[in-house]
Amino acid sequence: MLFRSVNLVVHYVEHHNPALLARGSGSVDAVRHAHVPAAYKRDMLEAVWREAGPVALLAIGQGIRSAEYDPLWYAALRSVNPAVLLDKWLRCERYAHSQNRLRINWVNDKCAAFERYALGGGMPTAAENLLVCGVITALLEEIGCGKLRCEVTLDDGSSFCVRANG
């Protein structure tokens, strides 16, 4: 997760449950600390999951709408269609994301299946996946996609709808 996503989490926690933040922690300075340790990110997301539940993680991703100006988000929101936006996402991951990636399989021009995977080490957690789902959903909506539906495949192979038609 990029520091930008960590800042979305920190911003949410500061406003909804500040006790979850360790004393002295806060937003990550993009200039001085572009890399945030994976353990810090996972611990923060797991704490949000335990204390606020999975819906909070989706809501954090939606926070992109009110995020301060950031050149990366700005470029993403200037995408002319979902294919361009998701291509930008993939390029960003290759450049700035250490281990976790998103695989996109286009079913048709209006439907894609996403799979998160790790290059090495542990797989992305459910908490990380929900945060990414929230961010991608918000980005797609902001460029004009409507009536988005998002389903998550559970460990037993069944699926669970986490978002339907907005």
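This is a guided tour of a predicted model, with suggestions for what to select at each stop and a description of what is found there.

**The whole chain**

Begin with the whole chain in a cartoon view, coloured by secondary structure, where 6 helices and 4 strands can be picked out. If you follow the chain from the N terminus, the elements come in the order α-α-α-α-α-β-β-α-β-β. Of the 166 residues in the chain, 39% count as buried. Among the contacts with a separation of 6 or more, 50% are between residues that lie 24 or more positions apart.

**The hairpin of S1 and S2**

Select residues 100–108, which make up strand S1, together with residues 111–118, which make up strand S2; the two strands pair in the antiparallel sense over 8 bridges. The hairpin passes from S1 to S2 through 2 residues. Two of the pairings can be followed by eye: Arg 101 has Tyr 117 of S2 as its bridge partner, and Asn 108 is bridged to Cys 111 of S2.

Now select Asn 100, which has its place in strand S1. Is Asn 100 buried or exposed? With a relative accessible area of 4%, Asn 100 falls under the 20% cut-off and is therefore buried. Leaving aside residues up to four places away in sequence, Asn 100 touches a set of residues that includes Arg 42, Glu 93, Arg 116, Tyr 117 and Ala 118. Gly 122, Pro 124 and Glu 128 are also touched by Asn 100.

Move next to Asp 109, in the loop between S1 and S2. Asp 109 has a relative accessibility of 68%, and because this is over 50%, the residue counts as exposed. If you draw a distance from the C-alpha atom of Asp 109 to that of Ala 83, you should find a separation of 8.6 Å, although these residues are 26 residues apart along the chain.

**Helix H6**

Select residues 126–142, which form helix H6. This helix has 17 residues and reaches 24 Å from its first C-alpha to its last, close to the 24 Å expected at 1.5 Å a residue. Of the 17 residues of H6, 14 are buried, so the helix is largely enclosed by the rest of the structure.

Within the helix, pick out Ala 138, which belongs to H6. The relative accessibility of Ala 138 is 0%, and the residue therefore counts as buried. Which distance separates the C-alpha atoms of Ala 138 and Ile 64? The two atoms are separated by 6.8 Å, while the residues are 74 residues apart along the chain.

**From H6 to the second hairpin**

Continue along the chain to Gly 144, just after H6, where phi is positive at about 110°. A little further on, select Lys 147, which lies in the loop between H6 and S3. Lys 147 also has a positive phi, near 55°, and is a residue other than glycine. At a relative accessible area of 70%, Lys 147 is over the 50% cut-off and so is exposed.

The next selection is strand S3, residues 149–153, with strand S4, residues 159–164. These strands run antiparallel and are joined by 5 bridges; one of the pairings to look for is that of Cys 150 with Arg 163 in S4. S3 and S4 form a hairpin with 5 residues between them, and in the turn Gly 157 has a positive phi of about 95°.

**The largest pocket**

For the last stop, show a surface and look for the largest pocket, which has a volume of about 1,400 Å³. Selecting Phe 114, Cys 133, Cys 150, Glu 151 and Val 152 will help you to find this pocket, since among its 41 lining residues these lie nearest its centre. The elements that give two or more residues to the lining are helices H3, H5 and H6 and strands S1, S2, S3 and S4. To show the two helices not yet visited, select residues 54–62 for H3 and residues 82–96 for H5.

Which element gives the most to the lining of the largest pocket? That element is H6, with 8 residues. If you colour the lining by class, you will see 27 nonpolar, 6 polar and 8 charged residues.

Key
Residues are numbered from 1 along each chain as its sequence is written. This is a predicted model: local features need pLDDT of at least 70, side-chain atom pairs count only at pLDDT 80 or more; totals for chains, interfaces and linings use all residues. Side-chain values use heavy atoms; hydrogens and water are left out. Two strands pair if DSSP finds at least two bridges between them. On a 1 Å grid over the protein atoms alone, a cavity is a set of points where a 1.4 Å probe fits but cannot get out, and a pocket is an open set with protein on both sides within 12 Å along at least five of seven lines; lining residues have an atom within 4 Å of a point. Grid points are joined across faces, edges and corners, and a volume is the space filled by probe spheres set on the points. Ala, Val, Leu, Ile, Met, Phe, Trp, Tyr, Cys and Pro count as nonpolar, Asp, Glu, Lys and Arg as charged, and the others, Gly among them, as polar. Buried means under 20% relative accessible area, exposed over 50%, partly exposed in between (1.4 Å probe, protein chains only). Contact means heavy atoms within 4.5 Å. The expected span of a helix is 1.5 Å times one less than its number of residues.
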